[in-house]
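Visitor: Please give me a close look at a single part of this structure, beginning with one loop and the strands that flank it, and then follow the connections outward from there.

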Amino acid sequence: MYAHIEGTVSEKNADSIVIDAGGVGYEISASAATLSSCPPTGERAKLYTYLSVREDAMELFGFRTREEKRMFLRLIGVSGIGPRTALGVLSALSVHDLSVALVTGDAQALARAPGIGKKTAQRLVLELKDKVTDEELTSSGPSVSVRPAADSAETEAIEALMALGYPASDAAKAVSAVAGQAAKTDEILRLALRGMTGGR
């Protein structure tokens, strides 16, 4: 019903933002990444939106990027994952980190999100790992990551492997396998390639 809402930020809360558009204040629930990337009160913002309609309530959810909204829609398409749970996942993991976790089958990373247990994490991997796009694996988007430099280097290493002809999923798995062992792109790339070629 609402593809996006653009207007003036009139209020920012812990888990939502109010945007004044055409004299109407829209309260929009959003992930931590989206909220942190939104401009301060009084400035204009645009959020891609999803309207959740239940018997007892209507609720708007907002996203700074189309990629985040697309991932949200995939998450709520999985049995047992409601809009609030999906938003919790996107608050715990950026689209990039979530994409890597899904492709590499890292259910443990997914289980750190609120409301996601071990079985649910495994179901997410099973149902969504083949739906992750190359763009989501290589684009960091708005993120609340505490390791921006390392994440950037890992993203660049994935892109470099893809440029060499490796599938995005294989590239992500190889880089994930050596995460934390190096900080520079070329070092990560070298370690990932060594793992992919069996140490040759």
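Guide: Helices (H or I, at least four residues) and strands (E, at least two) are taken here as DSSP runs, numbered from the N terminus. This is a predicted model, in which local features need pLDDT of at least 70 and side-chain atom pairs count only at pLDDT 80 or more, while totals for chains, interfaces and linings use all residues. Residues are numbered from 1 along each chain as its sequence is written, and side-chain values use heavy atoms, with hydrogens and water left out.

The loop to begin with is the one between β1 (4-12) and β2, where Ala-14 is found. Ala-14 is exposed, with a relative accessible area of 80%, on a scale where buried means under 20%, exposed means over 50% and partly exposed lies in between (1.4 Å probe, protein chains only). Its C-alpha atom is separated by 20 Å from that of Gly-82, a residue 68 places away along the chain.

On either side of this loop, β1 and β2 form a hairpin that has three residues between the strands. The two strands run antiparallel and are joined by four bridges, where strands count as paired if DSSP finds at least two bridges between them. Within this pairing, Thr-8 stands opposite Asp-20 in β2. In contrast to the exposed Ala-14 of the loop, five of the six residues of β2 are buried, so this strand is largely enclosed by the rest of the structure.

Strand β2 (residues 16-21) is also joined to β3, by six bridges and in an antiparallel arrangement. Here Val-18 stands opposite Glu-27 in β3, and Ala-21 is placed opposite Val-24 of that strand. The hairpin of β2 and β3 has two residues between its strands, and Gly-22 takes a positive phi near 65° in it.

From β3 (residues 24-30) the pairing passes on to β5 (residues 58-63), and these two strands run parallel, joined by three bridges. Ile-28 stands opposite Leu-60 in β5, while the bridge partner of Ala-30 in β5 is Gly-62. Taken together, the strands make a closed barrel of five, in the order β1-β2-β3-β5-β4 and with mixed pairing. From one strand to the next the twist averages 55°.

Helices lie across parts of this barrel, and their directions are compared through axes, which are lines fitted to C-alpha atoms, for helices over the stretch in contact, with angles from 0 to 180 degrees between N-to-C directions. Contact itself means heavy atoms within 4.5 Å. Helix α2 (residues 66-76) lies across β4 (44-53) and β5, and it runs at about 15° to β4. Helix α3 (residues 83-92) lies across β3, β4 and β5, running at about 20° to β5.

From α2 the path leads to helix α6, since α2, α4 and α5 (107-110) are included in what covers the buried residues of α6. Those buried residues of α6 (residues 118-128) are Thr-120, Ala-121, Leu-124, Val-125 and Leu-128. They cover an arc of only 145° around the axis, which puts them on the same side of α6; the arc is that of the directions from the helix axis to the C-beta atoms. An α-helix has 3.6 residues a turn, so residues three or four places apart point the same way. On the other side of α6, Lys-118, Lys-119 and Leu-126 are exposed.

Helix α4 (residues 95-104) leads in turn to helix α9 (residues 168-177), with which it packs at an angle of about 95°, their axes being 9 Å apart. These two helices are therefore roughly perpendicular to each other, the label for 65 to 115 degrees, whereas under 35 is roughly parallel, over 145 roughly antiparallel and the rest oblique. The contact is made by Val-100, Val-103 and Thr-104 of α4 together with Ser-169, Ala-172, Lys-173 and Ser-176 of α9.

Within α9, the residues Ala-168, Ala-171, Ala-172, Ala-174 and Val-175 are buried. Their arc around the axis is only 165°, which puts them on the same side of α9. Helix α9 also packs with helix α10 (residues 185-196), at an angle of about 110° and with the axes 8 Å apart. This contact is made by Asp-170, Ala-171, Ala-174 and Val-175 of α9 and by Ile-188, Ala-192 and Met-196 of α10.
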